[in-house]
Amino acid sequence: MTRSDPRPAFYRFPGEKKAPLPFSSEEYDTRLMGLRSAMDATGAEVAVLTSMQNVAYYSGFLYCSFGRPYALVVTASGSVLIGAGIDAGQPWRRCHGEALTYTDWARDNFWRAVAHVAGQGRRLGIEADHLTLARREELESFLAPAAMVDLAPATMEQRMRKSPAELDLIRAGAAVADLGGHAIRAAVRAGTREIDVAMAGRDAMELEIARRFPEAEYRDTWVWFQSGPNTDGAHTPLTGRVLQRGDLLSLNAFPMISGYYTALERTMVLGEPDPAKLALWEANLAAHEYGMSLLKPGASCAEITHRINDFLAESDLLQYRSFGYGHSFGILSHYYGREAGLELREDIETVLEPGMVISMEPMLTIPEGRPGAGGYREHDILIVTGDGAENITGYPYGPGFNVID
């Protein structure tokens, strides 16, 4: 931008009325209060949050980057969303607090807008796990912080502990996933492609989300439906493989409501399972039920993991375990967000507390060429309560319901 160029580096784009957000203003104020407590504890004067999960968690706005950076700048008295001009009035409409729009007319207008709100030479809170080396250099150039402190661990800790309003939304997501599961089951038949079955489940869930949340934004709901050899990985993308009788199947329904992710995953078989498939399926179901019984306040993630490991080792199946046994839920997706402090892994010592939400999802993967080859996985979502855990997944598991004739 030259001196004679009248176009601004950034500007305000307020509308006449804010759109309904996923949560109340009081909810966002409470979240920001928690963030400010973390800032006070570290001495941060201002926070510049840049990840999709934290911008959405503290402002209500889930950005679509497409190569452009976004931020939420939080001070002791306010919060300002820094959004791109391509979004026009959407950031202001769908955020709690104020918004500032930066333009593409000159390189680094994003950082000029951030600096306008955050100031220079201050003690700055950042998300160290989200800033690339290049972005960090830009931040240091434009904001010249006196010091930088990492707020990512504190924000993750805050997101791990759900409010009652969040729990209500997560329960709704689990119910939508159940509905998607039934739609998927109804579409399963020999001669049908994986993608056709997946579309049936996705369409059913999107329609149900629109019915339950008529004023929300709709995006990102998806289904992975895997068959035969494609069941070996939990995140194997959809293909056009045609289902055949005898196939091992994996149902994976993922509704997204205002950035909040829920999931339903089930093992299925098209036609009568052979003895090897049935034995492995039932063994994984036993681990699943045992694991769910361990989810209660006071238990650590590592302790639960070791106990399930021992359970599988007794049947000589531990070597077929694919990944950790479960993880937290909230604002996360397959391309943003991760509450790594609440995962059922050997190296996570977090102790479960009431209000946390966690899955139980053991998976056994048998290599090709061996009896029962493929992947066996179940997935339920549980809310930790005062004396145990509430299972909010309703879709049945096991051969009694999931052998498809």
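Start with the whole chain in view: for 405 residues, a compact globule would have a radius of gyration near 22 Å, and the chain has 23 Å, which agrees. The model is a predicted one. Turn the C-alpha trace onto its principal axes, and the spans are about 75 × 45 × 35 Å. Colour by secondary structure to pick out 11 helices and 18 strands.

Now switch on a surface. The chain exposes about 16900 Å², and carbon and sulfur atoms supply 52% of that area. Buried residues account for 55% of the 405 residues. For contacts between residues at least 6 apart in sequence, 67% join residues at least 24 apart.

**Stop 1: helix α1**

Select residues 25-42, which form helix α1, and show the side chains of R31 and E27. The two side chains meet in a salt bridge, with N to O at 3.1 Å. Why do R31 and E27 sit about one helical turn apart? They are 4 residues apart in helix α1, and that spacing is what separates them by about one turn.

Are these two residues buried or exposed? R31 has 3% relative accessibility, so it counts as buried. E27 has 13%, which is under the 20% cut-off, so E27 counts as buried too.

**Stop 2: helix α2**

Move to residues 52-59, helix α2, where 8 of the 8 residues are buried. Select M52, Q53, N54, V55, A56, Y57, Y58 and S59 to see the buried set. Then step just past the end of α2 to G60, which takes a positive phi of about 90 degrees.

**Stop 3: W111 in helix α4**

Select W111, found in helix α4, residues 109-118. Its relative accessibility is 2%, and W111 therefore counts as buried. What does W111 touch, leaving aside residues up to four places away in sequence? The contacts are R135, E138, L139, F142 and L143.

For a sense of distance, add T221 to the selection. W111 and T221 are 110 residues apart in sequence, and their C-alpha atoms are 32 Å apart in space.

**Stop 4: helix α5**

Next, select residues 133-143, helix α5, and show R136 and E140. These two lie 4 residues apart in the helix, about one turn. Their side chains meet in a salt bridge at 3.6 Å, N to O. R136 counts as partly exposed because its relative accessibility is 33%. E140, at 36%, also counts as partly exposed.

**Stop 5: E353 and R161**

Select E353 and R161, which form a salt bridge whose closest N and O atoms are 2.9 Å apart. This pair links distant parts of the chain: E353 is in the loop between α10 and β13, R161 is in the loop between α6 (152-160) and α7 (164-187), and 192 residues separate them. E353 has a relative accessible area of 30%, so it is partly exposed. R161 has 31% relative accessibility and likewise counts as partly exposed.

Before leaving the charged pairs, go back to E27 and R31 and add E166. Salt bridges that share partners join E27, R31 and E166 into one network. Over the structure, the count comes to 25 salt bridges. Side chains of opposite charge can pair when their charged atoms come close.

**Stop 6: R321**

Select R321, in the loop between α10 (301-314) and β13 (357-360). Which side chains make polar contacts with that of R321? One is N309, at 2.9 Å. Another is E346, at 2.6 Å. Widen the selection to the contacts of R321, not counting residues up to four places away in sequence: T305, N309, L344, E346, M363 and L364.

**Stop 7: a nonpolar patch**

Return to the surface view and select I195, M199 and L238. These residues make a nonpolar surface patch of about 200 Å². M199 is placed in helix α8, residues 194-212. With 32% relative accessibility, M199 counts as partly exposed, since that value lies between the 20% and 50% cut-offs.

Definitions and conventions
Residues numbered from 1 in each chain as written. Predicted model: local features only at pLDDT ≥ 70, side-chain atom pairs only at ≥ 80, totals over all residues. Heavy atoms only, no water. Buried < 20%, exposed > 50% of the residue type's maximum accessible area, 1.4 Å probe, protein only. Contact = heavy atoms within 4.5 Å. Patch = residues over 30% accessible without salt bridge, like charges linked within 9 Å, V, L, I, M, F, W, Y side chains within 5 Å. Areas by Shrake-Rupley, 256 points an atom, 1.4 Å probe, with all protein chains shown as cover. Salt bridge = Lys/Arg side-chain N within 4 Å of Asp/Glu carboxyl O. Rg over C-alpha atoms; globule rule 2.2 N^0.38 Å. Polar contact = N/O pair within 3.5 Å; in protein donor to acceptor, adjacent residues only side chain to side chain.
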